[in-house]
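Q: I would like to learn how to read a model like this one, feature by feature. Could you take me through it?

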Amino acid sequence: MEVLKDADATAIYGSRGANGSSSLQPKKAKAGKAKFSVNIYNGFSRVARSMDFKYPQYLLMRKEALANDGLIPNAVNAPDLVLWDTSRYSNLKKLLIGNTAHTQDWQASLSAGTVNTQILISMAYNQQTNVFPGNLPYKRGSAHLNLSHKPASAKWDIQFSAIYAADKNNLLRTDLTKYLTLPPNIKLKEADGSLTWQDAGVTYSSLGFSNPFAELLQQYEAQTTNLSANLQFSVTLTKELKFRLSSGYNRLTTDETNIVPKTSIAPRKQHPRIFTVCSGSKK
């Protein structure tokens, strides 16, 4: 790790390094025989522990909550009990976070060199999915090059280092776990496979929520590339005087796309009427 100040920092990072910067030097090759290494990791994960949900107990809890408030279930305060099919059960935990997430991580490096010249080349690739339904991966790849050269009889040396990284993100912008508290007998899809936006004449927007499957229809993609290169040239003039030239190049690009199709938007909007699953104080 090296702390750069003044001209050293601005020469590499431009105006962003005007107040100084810290330079973390990546791994360097060592003199010796060529060495090649590979590291591969694969894994998977699922939601380990979550609250068990019993649908019959939900119906009893809803009725008890309304009774504690002195209310009689009707189409306004309890459409899920009065209007919706109470024999229908949508396992939201299984539908929204029941997927298996997979992880892949590959790393490879090659290093070689002599007393005067050393070179290191490494590459890495990582891919992760999540527990949400569908194929929504996050991918990242990177490459690293490090080169050092110092002639035996010369008083100068040169070092070059470059890192390139690119990632592609297709993850959802919304956490689907916020929909786990919806009524478990909610109707999510019609017979033709289209999304349901109302049930028994009651729109979901009027109850303060939306169809969670609408999030899966909205495509999101973000691509980022980052290139960072550094070149240092040093000359030893005397024991007390050393000249060093530092230069750098940085390029960061981001391309973000969000597609919201018509099928993921409710046909109409209404002023929300907040729908409370469980309310009231226990007697």
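A: Gladly. Let's begin with a term: a nonpolar core is a set of buried Ala, Val, Leu, Ile, Met, Phe, Trp, Tyr and Cys residues joined through side-chain atoms within 4.5 Å. Please keep in mind that this is a predicted model.

Q: With that term in hand, which residues of the largest nonpolar core touch the most other members?
A: They are Trp84, Leu96, Phe132, Ile186 and Phe209, out of 22 residues in the largest nonpolar core. Helix 4 gives the most to this core, with 3 residues. Apart from this core lies another, of 6 residues, and Tyr58, Leu59, Leu66 and Leu81 are among them.

Q: What does tryptophan 84 touch, leaving out residues up to four places away in sequence?
A: Contact here means heavy atoms within 4.5 Å. On that basis tryptophan 84 touches Pro79, Pro183, Asn185, Ile186, Asp199, Ala200, Val202, Tyr204, Leu207 and Phe209.

Q: Let me step back to the whole chain. How many helices and strands does the protein have?
A: The secondary structure comes to 5 helices and 11 strands. Of the 283 residues, 31% count as buried. Contacts tell another part of the story: among those between residues at least 6 apart in sequence, 68% join residues at least 24 apart.

Q: How should I read a single helix, say helix 2? What is its span from first C-alpha to last?
A: A good habit is to compare the span with the expected one, then look at which side chains are buried. Helix 2 has 14 residues and reaches 20 Å, close to the 20 Å expected at 1.5 Å a residue. Its buried residues are Tyr55, Tyr58, Leu59, Arg62, Ala65, Leu66 and Asn68, and the buried residues of helix 2 pack against helix 3 (79–82). After helix 2 comes glycine 70, with a positive phi near 70°.

Q: Which residue other than glycine has a positive phi too?
A: Alanine 200 is one such residue, with phi near 55°. Alanine 200 sits in the loop between strand 8 and strand 9 (202–203). You met Ala200 above as one of the residues that tryptophan 84 touches.

Q: Why does alanine 200 count as partly exposed?
A: Partly exposed covers the range between buried, under 20% relative accessible area, and exposed, over 50%. Alanine 200 is placed in that class because its relative accessible area is 44%.

Q: Now for empty space. How is it found, and what is the volume of the second largest pocket?
A: Rolling a probe the size of a water molecule over the atoms shows where empty space is left. Here the second largest pocket has a volume of about 370 Å³. Of the 17 residues that line this pocket, Met51, Phe53, Lys93, Leu180 and Thr181 are the closest to its centre. Helix 2 (55–68) and helix 4 (92–97) each supply at least two residues of the lining. By character, the lining divides into 11 nonpolar, 5 polar and 1 charged.

Q: Where is threonine 181 placed in the chain, and is threonine 181 buried or exposed?
A: Threonine 181 lies in the loop between strand 7 (156–169) and strand 8 (198–199). Threonine 181 counts as exposed because its relative accessibility is 58%, and the cut-off for exposed is over 50%. Threonine 181 and lysine 93 are 88 residues apart in sequence, yet 9.5 Å apart in space, C-alpha to C-alpha.

Q: How many cavities of 30 Å³ or more does the structure hold?
A: The structure holds 2 of them. About 70 Å³ of space lies in the largest cavity, whose lining is made of Leu171, Leu172, Arg173, Thr174, Glu215, Gln218, Tyr220 and Asn258. Sorted by character, that lining has 3 nonpolar, 3 polar and 2 charged residues.

Q: One last skill: reading contacts across the sequence. What does threonine 236 touch, apart from residues up to four places away?
A: Threonine 236, in strand 10 (residues 219–236), touches Lys155, Leu241 and Lys242. The C-alpha atoms of threonine 236 and lysine 155 are separated by 5.5 Å, with their positions 81 residues apart along the chain counted as their separation. For a second case, take asparagine 39 in strand 3 (residues 32–45): asparagine 39 touches Asp105, Trp106 and Gln107.

How values were computed: Residues are numbered from 1 along each chain as its sequence is written. This is a predicted model: local features need pLDDT of at least 70, side-chain atom pairs count only at pLDDT 80 or more; totals for chains, interfaces and linings use all residues. Side-chain values use heavy atoms; hydrogens and water are left out. On a 1 Å grid over the protein atoms alone, a cavity is a set of points where a 1.4 Å probe fits but cannot get out, and a pocket is an open set with protein on both sides within 12 Å along at least five of seven lines; lining residues have an atom within 4 Å of a point. Grid points are joined across faces, edges and corners, and a volume is the space filled by probe spheres set on the points. Helices (H or I, at least four residues) and strands (E, at least two) are DSSP runs, numbered from the N terminus. Ala, Val, Leu, Ile, Met, Phe, Trp, Tyr, Cys and Pro count as nonpolar, Asp, Glu, Lys and Arg as charged, and the others, Gly among them, as polar. The expected span of a helix is 1.5 Å times one less than its number of residues. Buried means under 20% relative accessible area, exposed over 50%, partly exposed in between (1.4 Å probe, protein chains only).
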